[in-house]
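Trainee: Before we discuss anything in detail, could you show me the sequence and the model, and then take me through how to read its features?

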Amino acid sequence: MRFLVTGGAGFIGSNYVHALLSGAYPGFEDVTVTVLDKLTYAGRAANLAFAAHDPAFTFVRGDITDGDLLRRLLPGHDVVVNFAAESHVDRSIHDAAGFVDTNVAGTQRLLQAAVEAEVRTFLQVSTDEVYGSIEEGSWPETDPLLPNSPYSASKAGADLLCHAYHRTYGLDVRVTRCANNYGPRQFPEKVIPRFITNLLDGRRIPLYGDGGNVREWLHVDDHCRAIQLVLQKGDAGETYNIGGGAEMTNLELTERLLAAHDAGWDMVEYVEDRPGHDRRYALDTTKVRGLGYRPEVDFDEGIAATVRWYADNEAWWRPLIAHRRNGLV
Ligand code: NAD
């Protein structure tokens, strides 16, 4: 079976490709994988170094908005898994245009090329942020999309295009909407690796607003396992929430990360809140649990392993935070 994984040089995509090629998913031991990635600031060839000499692996540097490239590349692939996206909310607030280009137009180009190439299944990797913010309870997949940031709005647009391509062209499209991920190889602009790398460096950590925002944290391996399960057992045209991780406020998250570094609250700097900052995300995961999904990674163990990974892989992240030493962030 031939997989095309877009955005495979980023955080979640590289963890997914690693699992796929290392035989972590029973029944998929004989896959070949093509990664298509533009290698933006967030995508790094080094994230795929483990696969460089694997004959089952091919890397193509390119853009999912490039329709001609997609028309050449997609034929012969059975499955497309679309991770490619601009993914950082703060950047989308600063400049939304690239988010609409990649996340909306890019997904449409990919869907179109998948129809033309008669790809068997297309899996769109989406986010819980498309639902907006919820004070109490949790969202089932049928809840309305009420995104609050340009990032989440662009992802919601892509979700709707996926639905339309299923209804209009009969493409087998499945959408997964996952909670916040953590784990190795996450770009250090995101809160967990940002806090870890700052603390490893003896620098203070910036906490937004009152720290009361609630997020659910899921280890990247659990997210990737769920994606594979939806490919195996999910249905065409369906959307699946993926969560079941640890729900906590940013204050609680900060407390745990400080403890992991033997650091105190004097290392925390309260900074002005992000505009439109969603207060709480919470997913109802009944549907994906019905496919047999269970998260496997305990948060405390997962976070300890993630801290160890950043401590052991300074050469990976230090060049990415060089600008912080120049006082820019
Ligand atoms: P990331 O920013 O680490 O990786 C994105 C990858 O996409 C990079 O390798 C980048 O080079 C590539 N890319 C960007 N624009 C491209 C383009 N036009 N053409 C080809 N490649 C392009 O992001 P991530 O955290 O790994 O997220 C992957 C996907 O999962 C995204 O779609 C995101 O919306 C979704 N998601 C992320 C989380 C999370 O917590 N990180 C949670 C739920 C869903």
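**Reading the ligand shell**

Mentor: The largest share of the shell around the ligand comes from β5, which supplies 3 residues. Please keep in mind throughout that this is a predicted model.

Trainee: Which elements each supply at least two residues of the shell around the ligand?

Mentor: One reads a shell by asking which elements its residues belong to. Here α1 (11-21), β5 (121-127), α5 (150-169) and β7 (180-182) each supply at least two residues.

Trainee: How many residues surround the ligand, and which are the closest?

Mentor: The shell comprises 28 residues, and the closest to the ligand are Ile12, Asp37, Ser87, Tyr151 and Lys155. Sorted by class, the shell has 13 nonpolar, 11 polar and 4 charged residues.

Trainee: Which distances from side chains to an oxygen atom of the ligand should I look at?

Mentor: For polar contacts the general idea is to look for pairs of N or O atoms within 3.5 Å. In this model, a polar side-chain atom of Ser87 lies 2.7 Å from an oxygen atom of the ligand, and for Tyr151 the corresponding distance from a polar side-chain atom to a ligand oxygen is 2.6 Å. The side chain of Lys155 likewise has an N or O atom 2.6 Å from an oxygen atom of the ligand. As for burial, the ligand taken alone exposes 830 Å², and the protein buries 97% of that.

Trainee: How should I read empty space in the protein, and how many cavities of 30 Å³ or more are there?

Mentor: A cavity is space where a 1.4 Å probe fits but cannot get out, whereas a pocket is open. The count here comes to 1 cavity of 30 Å³ or more, and the volume of the largest cavity is about 60 Å³. Among the residues that line this largest cavity are Val89, Glu129, Arg215, Arg274, His277, Asp278 and Tyr281, and by class its lining has 3 nonpolar, 4 polar and 4 charged residues.

Trainee: What volume does the second largest pocket have, and which element gives the most to its lining?

Mentor: The second largest pocket has a volume of about 340 Å³. Of the 17 residues in its lining, Ala24, Tyr25, Asp221, Arg225 and Glu296 are the closest to the centre of the pocket. Two or more lining residues come from each of α1 and α7 (220-233), and α7 gives the most, with 7 residues. By class, the lining of this pocket has 8 nonpolar, 5 polar and 4 charged residues.

Trainee: Finally, how many salt bridges does a search of the whole structure find?

Mentor: The search finds 15 salt bridges. In the one between Lys38 and Asp63, the closest N and O atoms are 3.4 Å apart. This pair links distant parts of the chain, 25 residues apart, with Lys38 in the loop between β2 (32-37) and β3 (57-61) and Asp63 in the loop between β3 and α2 (67-73).

Technical notes: Residues numbered from 1 in each chain as written. Predicted model: local features only at pLDDT ≥ 70, side-chain atom pairs only at ≥ 80, totals over all residues. Heavy atoms only, no water. Near = heavy atom within 4 Å. Polar contact = N/O pair within 3.5 Å; in protein donor to acceptor, adjacent residues only side chain to side chain. Areas by Shrake-Rupley, 256 points an atom, 1.4 Å probe, with all protein chains shown as cover. Helix = DSSP H or I, 4+ residues; strand = E, 2+ residues; numbered from the N terminus. Nonpolar A, V, L, I, M, F, W, Y, C, P; charged D, E, K, R; others polar. 1 Å grid on protein atoms, 1.4 Å probe; cavity = no way out; pocket = protein on both sides within 12 Å on 5 of 7 lines; lining within 4 Å. Points joined across faces, edges and corners; volume = space filled by probe spheres on them. Salt bridge = Lys/Arg side-chain N within 4 Å of Asp/Glu carboxyl O.
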